[in-house]
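This report describes the nonpolar cores, the aromatic pairs and the charges over rings in one protein model. The model is predicted.

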Amino acid sequence: MAIIYTYLFNKNKSAIQTNKKTDKELFSLIEKKIKQGNYVFLPHAKKRLSERNISELDVIRLLSGEKNYGRKRNKQKDAYENPSIIDVAQDWKYCIEGHDIDGINLRVIITFSDDFMPIITVIRI
């Protein structure tokens with residue numbers, strides 16, 4: 001599936017950095033994207049899920065804030081990088097942490113692009 005990304009540029013042709021979302025804004029947007037089905041596991045995330053024996057369902061439940069998944073944001077790991085042709089970022093990359101159904105700690109990196117929420121990677125921590 002090919003997604004065409006558009007970028008905002010100012011007069012000097014440099015990317016305009018978007019404002020970092022508050023926790024309330026971020027969690028509300030994540031829940032909305034999941035409810036609408038507007039999320040996608042990028043190929044890198046799918047590879048890491050397989051390698052690390054993590055289920056997509058655990059990731060979605062964690063991101064949704066379901067009870068017993070301990071969703072929290074690690075703001076120190078949030079990052080903004082100027083978008084490039086091979087990068088998906090039009091927004092900040094946000095770090096969400098919690099655990100899977102077995103209580104094993106997870107870290108999920110997401111971003112937002114147009115109408116979708118790309119899931120970039122998943123890590124056991």
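The largest nonpolar core of this predicted model holds 24 residues. Within this core, the residues with the most contacts are Ile30, Val59, Leu63, Val108, Ile110 and Ile119. Helices and strands both contribute: two or more residues each come from helix H1 (23–36), helix H2 (43–51) and helix H3 (56–64), and likewise from strand S3 (94–99), strand S4 (105–110) and strand S5 (117–124).

A second core, separate from the largest one, has five residues, among them Val40, Leu42, Ile109 and Ile120.

Ile110 can be followed in detail. Setting aside neighbours within four places in sequence, Ile110 is in contact with Leu26, Ile30 and Leu63, with Trp92, Lys93, Tyr94 and Ile96, and with Met117, Pro118, Ile119 and Ile120.

The count of aromatic pairs is three. One of these joins Tyr39 and Phe41: the ring centres are 6.3 Å apart and the planes meet at 85°, which is over the 60 degrees required, so the pair is edge-to-face. The two partners differ in burial class. Phe41 has a relative accessible area of 6%, which is under 20%, so Phe41 is buried. Tyr39 has a relative accessibility of 27%, between the limits of 20% and 50%, and therefore counts as partly exposed.

Two basic side chains lie over aromatic rings, as listed here.

| Charged residue | Ring | Distance to ring centre |
|---|---|---|
| Lys20 | Trp92 | 4.9 Å |
| Arg71 | Phe27 | 3.9 Å |

Trp92, the ring under the charged end of Lys20, is also among the contacts of Ile110.

Note on methods. Residues numbered from 1 in each chain as written. Predicted model: local features only at pLDDT ≥ 70, side-chain atom pairs only at ≥ 80, totals over all residues. Heavy atoms only, no water. Core = buried A, V, L, I, M, F, W, Y, C linked by side-chain atoms within 4.5 Å. Buried < 20%, exposed > 50% of the residue type's maximum accessible area, 1.4 Å probe, protein only. Helix = DSSP H or I, 4+ residues; strand = E, 2+ residues; numbered from the N terminus. Contact = heavy atoms within 4.5 Å. Phe/Tyr/Trp six-rings, centres within 6.5 Å; stacked < 30°, edge-to-face > 60°. Lys NZ or Arg CZ within 6 Å of the ring centre and 35° of its normal.
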